Amino acid sequence: MAAAVYFSEKFSADTVSKLFERALADTGGRIGGKDRVAVKLHFGEEGNSRFVSPANLRPILTTLAGHNSNHFLTDANALYRGMRHNATDHLEIARKHGFGALGVPIVIADGERGEEETQIAIAGKIFPKVRIARHIAEARALVVVSHFKGHILFGFGGAIKNLGMGCGSRAGKLEMHASLKPSVNDNCTVCGKCVEACPADAILLAEDKATIDPDLCEGCATCIAVCEFDAVEVPWMALASSAVMERTAEYALGAVNGKPCVCVTFINNIAKDCDCMADSELIGQDVGIVTSTDPVACEQAAFDLVRSQHGDIDIFKRATRIDGSHILGYAESIGLGRRDYELVRL
Ligand code: SF4
Ligand code: SF4
């Protein structure tokens, strides 16, 4: 049976509550009653203001509190350097962006440097198991709050990317982005910190810089986290975007792992780039909010609604040259959810 996707064009607190309550009811009472619920979101990078705001998040948290859930706000560390690179800075940017005032614990799900992870077996086509940030993996239920916007590699990003790339540990993110191992550039000062930290003894110090032995490297990404000189590089474009989408969908499957899950996707402030970047140009009009227990249906509905509002044009493909709809078909093919849905307007 097609999943229900609840939709409203209004952005009021009352509307967010109603949309969330309807999707929550579709879990059949599986979220609440002291359950540890991970509310997965993106706290916004320094210089970004397009992320889902604390004001829009508050009605969701109030509703969860009404169901006596034991919820926390969470995200995992990013692979790139910035304010979301380690837990200390990540918490600082979350507070700076107003999330500390919500009165709900904030937990960076994969620890200070992305070292805390849980490996989860999945029935995927690429990975037999995925590396999910520990606190998300250990939660009983998920609420996935996403901002629907453009993305340089995915065309667009919403619930599936938030679940997949967003819930992977740092090593998981490296695995999704690249089949190659990291390398060291000329910024290297030969400080030796990466050598000490590498669990595989894969890094050697030469006179001018460190070098990584790809045969020994296990792809844990610790060297990226410890290097203070931005000298360890990720081969970001080693894979085609369609391959990264497929890997990300498999990670989303592992992040959900059969848990009850409610997706809430805000389709506003549609920028060309994601919330990991400073504010970029807006490429579309605000559309509304969708909620569903099915991440694929939620994402498909968000994409369809944006397309419909813009004269049947894929504004993301026009802006990024990437066909983001590839992830929808792949995610459905591995059982993350279904692309057909029933749109319920509230
Ligand atoms: S931590 Fe960075 S700067 Fe230090 S040796 Fe390793 S790559 Fe070079
Ligand atoms: S990714 Fe991990 S295993 Fe590979 S070189 Fe870096 S620290 Fe060592």
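**From the shell of ligand 2 to the sheet**

In the shell around ligand 2, eleven residues are nonpolar, two are polar and two are charged. The structure is a predicted model, and of the 15 residues around ligand 2 the nearest are Cys198, Cys217, Cys220, Thr222 and Cys223.

The domain assignment splits the chain into domain 1, which is made of two stretches, 3-176 and 239-345, and domain 2, which covers 181-234. Between the C-alpha centres of domain 1 and domain 2 there are 31 Å, and the two domains meet where ten residues of domain 1 are in contact with nine residues of domain 2. On the side of domain 1 that touches domain 2, five residues are charged, three are nonpolar and two are polar.

We turn now to the sheet. Strands of a sheet pair through backbone hydrogen bonds, in either a parallel or an antiparallel sense. Here eight strands, in the order 4-3-2-7-14-15-1-16, make up an open sheet with mixed pairing. Strand 4 (106-108) and strand 16 (341-345) are the edge strands, each of them pairing on one side only. On average, and with direction ignored, neighbouring strands of this sheet are turned by 25° against each other.

Within the sheet, strand 14 (residues 261-267) pairs with strand 15 (residues 288-292) in the antiparallel sense over five bridges, and valine 264 has threonine 291 in strand 15 as its bridge partner. Helix 1 (residues 13-25) packs on the sheet, where it touches strand 1 (3-8), strand 14 and strand 15, and its direction makes about 20° with that of strand 15. Helix 3 (residues 87-96), in turn, lies across strand 3 (70-75) and strand 4, running at about 145° to strand 4.

Conventions: Residues numbered from 1 in each chain as written. Chains lettered and ligands numbered in written order. Predicted model: local features only at pLDDT ≥ 70, side-chain atom pairs only at ≥ 80, totals over all residues. Near = placed C-beta within 6 Å. Nonpolar A, V, L, I, M, F, W, Y, C, P; charged D, E, K, R; others polar. Pairing = 2+ DSSP bridges. Helix = DSSP H or I, 4+ residues; strand = E, 2+ residues; numbered from the N terminus. Axes fitted to C-alpha atoms, helices over the stretch in contact; angles between N-to-C directions. Contact = placed C-beta atoms within 7 Å. Domains from an automatic or database assignment.
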